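Please walk through the fold of this chain in running prose, taking the strands, the helices and the buried residues in turn.

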Amino acid sequence: MRLVTLGCARNEVDSEELAARLEAGGWSLTETEAADVVLVNTCGFIQAAKQESIDELLTAADSGAAVVAAGCLAERYGSGLAQALPEAQILSFDDYANIADRLDAVHAGQRWSAHEPRDRRKLLPISPAGRPGGATAHVPGHSAIADLPEGIAPPSGPRVLRRRLGGGVVAPLKIASGCDRRCSFCAIPAFRGAFISRSPADLLAEASWLGDHGTRELLLVSENSTSYGKDLGDLRLLETLLPQLAAVPGIDRVRVSYLQPAEVRPGLIEVMASTQGVAQYFDLSFQHASGPVLRSMRRFGDRERFCGLIEQIRKLAPQAGIRSNFIVGFPGETKEDVEELEQFLIDARLDAIGIFGYSDEDGTEAASLPGQLDEQEIAGRVEALAGLADELMDQRAADRIGELHEVLIEEPGDEPLRYIGRGAHQAPEVDGTTEVASHRPLAAGELVRVRVSGSDGVDLVAELVDEQPAG
């Protein structure tokens, strides 16, 4: 069978759980197009991601394979998706624990009724303190050691319900799932469920396993990393966990993603800015900078507060990488709101900026708000802000010329003794890369010290300045 993963790094972790369960159930994974069964781990976040998932399912069906849809799109729409797309069978997250049996049935020509969509927030206790052990449904990526099938991992070392699919020196590590926030534009909490943290013991065991399997950088993922530990009785648990993860043998760098500005505490900034092995990288979910728009989004902040948070970060870590995404064209957004966002982008000097046009999402409050803008107006605002963002990111990269960085080497470049890697301010796939000119051969996984000598857009060019790996 073939397993296709779409969407974010959280889906990548879920797919590696599915791969481990399938392998334990006797299935062999292949990357060829001639597979008898194709399992597509779909994304259901925004319209473009939904369409990509549907196109992938249809392409798989055209190959003659039996097609199964899992993941967010399948969970979100269930029986409705099954009716609209009879070419595929639809799985819920609740099917993951028995995924091998489900695919056995598909391979035998059986069909089953797709689930009815439901609000998965209701499957966990309302109080975060009641959630550990209180789940009445499967939470992808949260299987404990006790849940592992026999033979899933070697008899020695940590037993982890995960099979690496992509390889490489970077791996995502899911620290939590779900979200308790009620942003008016977002449907994710309804199909991913309420917020629930994984235990530190499970995370450290999985980090150790990843370190033993060639991982050098951990990318911590969740829907909201700043909430980690609140259901375990410790709102500062992430501050404790980060130094422990950074100390895991084989792990050179730990990177945190998905930080909510309203929940970023001074203690967390200090730990991220000062702990050896923790990337000085702040992935902050601002979404906008106009106070009125943010209130309508049911979110915290405004331009002044966000600039103050950035100032706190750079006071402790002047070279810190800061990235964020922004929604343009939200219902009721005025030209003055757009100008406020423009000024924030100019003031903030962010390393990476994502600009997205607003679109209605099924079941969200924002879809029924007054002041809806037409698509042409939204597209125009996106184009203008994206152009400004490109200019600002290019300038920010150029400002880094002369800085000393630690770069994790990932692969050879196009010329001898040139290598592609990423600095602490560059997350995988989204934030650009650093090309390193070296006077000696380098290997994937080396962490080396370099001096930035140039920039090309958001990408940097640098020269090796030491004879030995930096870490």
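Strand β3, residues 66–70, is mostly covered in this predicted model: four of its five residues are buried. On one side, β3 pairs with strand β2 (residues 37–42) in the parallel sense, over five bridges. Within that pair, V37 stands opposite A66 of β3. To get from β2 to β3 the chain passes through helix α2, residues 47–62, and the resulting β-α-β crossover is right-handed.

Strand β4, residues 88–90, is also a partner of β3, again parallel, with three bridges between the two. Here A69 faces I90 of β4. The connection runs through helix α3 (residues 71–84), and β3, α3 and β4 together form a right-handed β-α-β unit.

The two connecting helices also touch. Two packed helices are described by the angle between their axes and the distance between the axes. For α2 and α3 the angle is about 90° and the axes are 10 Å apart. Because angles of 65 to 115 degrees count as roughly perpendicular, α2 is roughly perpendicular to α3. The residues that meet are K50, S53 and I54 on the α2 side and L73, R76 and Y77 on the α3 side.

Next comes another sheet. Three strands in the order β5-β8-β9 make an open sheet with parallel pairing. The edges are β5 (170–174) and β9 (253–256); each has a single partner strand, so one side of each is left without a neighbour in the sheet. Averaged over neighbouring strands and ignoring direction, the turn from one strand to the next is 25°. Between β5 and β8 (residues 217–221) there are five bridges in the parallel sense, and K174 stands opposite V221 of β8.

Two helices contact these strands. Helix α1, residues 9–24, packs on the sheet and touches β5 and β8, its direction making about 85° with that of β5. Helix α6, residues 200–212, lies across β5 and β8 as well, but runs at about 165° to β5.

One residue of α1 can be singled out: A20 lies in this helix and is buried, with a relative accessible area of 2%. The value is under the 20% limit for a buried residue. A20 is 366 residues away from A386 in sequence, and the C-alpha atoms of the two are 40 Å apart in space.

What holds the interior residues in groups can be described through the nonpolar cores. In soluble globular proteins, nonpolar side chains tend to be buried together. The largest nonpolar core here has 69 residues, and L220, L242 and L345 touch the most other members. Helix α12 (residues 375–399) supplies the largest share of this core, seven residues. Beyond its neighbours within four places in sequence, L220 contacts a set of residues that includes L173, I175, L238, L242, L245, V254 and V256, and also S225, R255 and S257. A second core is separate from this one and has 21 residues, among them L3, L18, A100 and V106.

Helix α8, residues 266–274, has L268, I269, V271, M272 and A273 as its buried residues. The elements that cover them include α7 (237–246), β9, β10 (281–283) and α10 (303–316). The packing of α7 against α8 has an angle of about 10° and an axis separation of 9 Å. Because angles under 35 degrees count as roughly parallel, α7 and α8 are roughly parallel to each other. L238, E239, L242 and P243 of α7 make the contact with G267, L268, V271 and M272 of α8.

Last come two backbone details in loops. Q287 has a positive phi of about 75° although it is not a glycine. Its place is in the loop between β10 and α9 (291–296), and Q287 is buried, with a relative accessible area of 12%. R298 is likewise not a glycine and has a positive phi, of about 65°; this residue sits in the loop between α9 and α10.

Key: Residues numbered from 1 in each chain as written. Predicted model: local features only at pLDDT ≥ 70, side-chain atom pairs only at ≥ 80, totals over all residues. Heavy atoms only, no water. Pairing = 2+ DSSP bridges. Axes fitted to C-alpha atoms, helices over the stretch in contact; angles between N-to-C directions. Contact = heavy atoms within 4.5 Å. Buried < 20%, exposed > 50% of the residue type's maximum accessible area, 1.4 Å probe, protein only. Right-handed = clockwise from strand over helix to strand, strands pointing away. Core = buried A, V, L, I, M, F, W, Y, C linked by side-chain atoms within 4.5 Å. Parallel < 35°, antiparallel > 145°, perpendicular 65-115°, else oblique.
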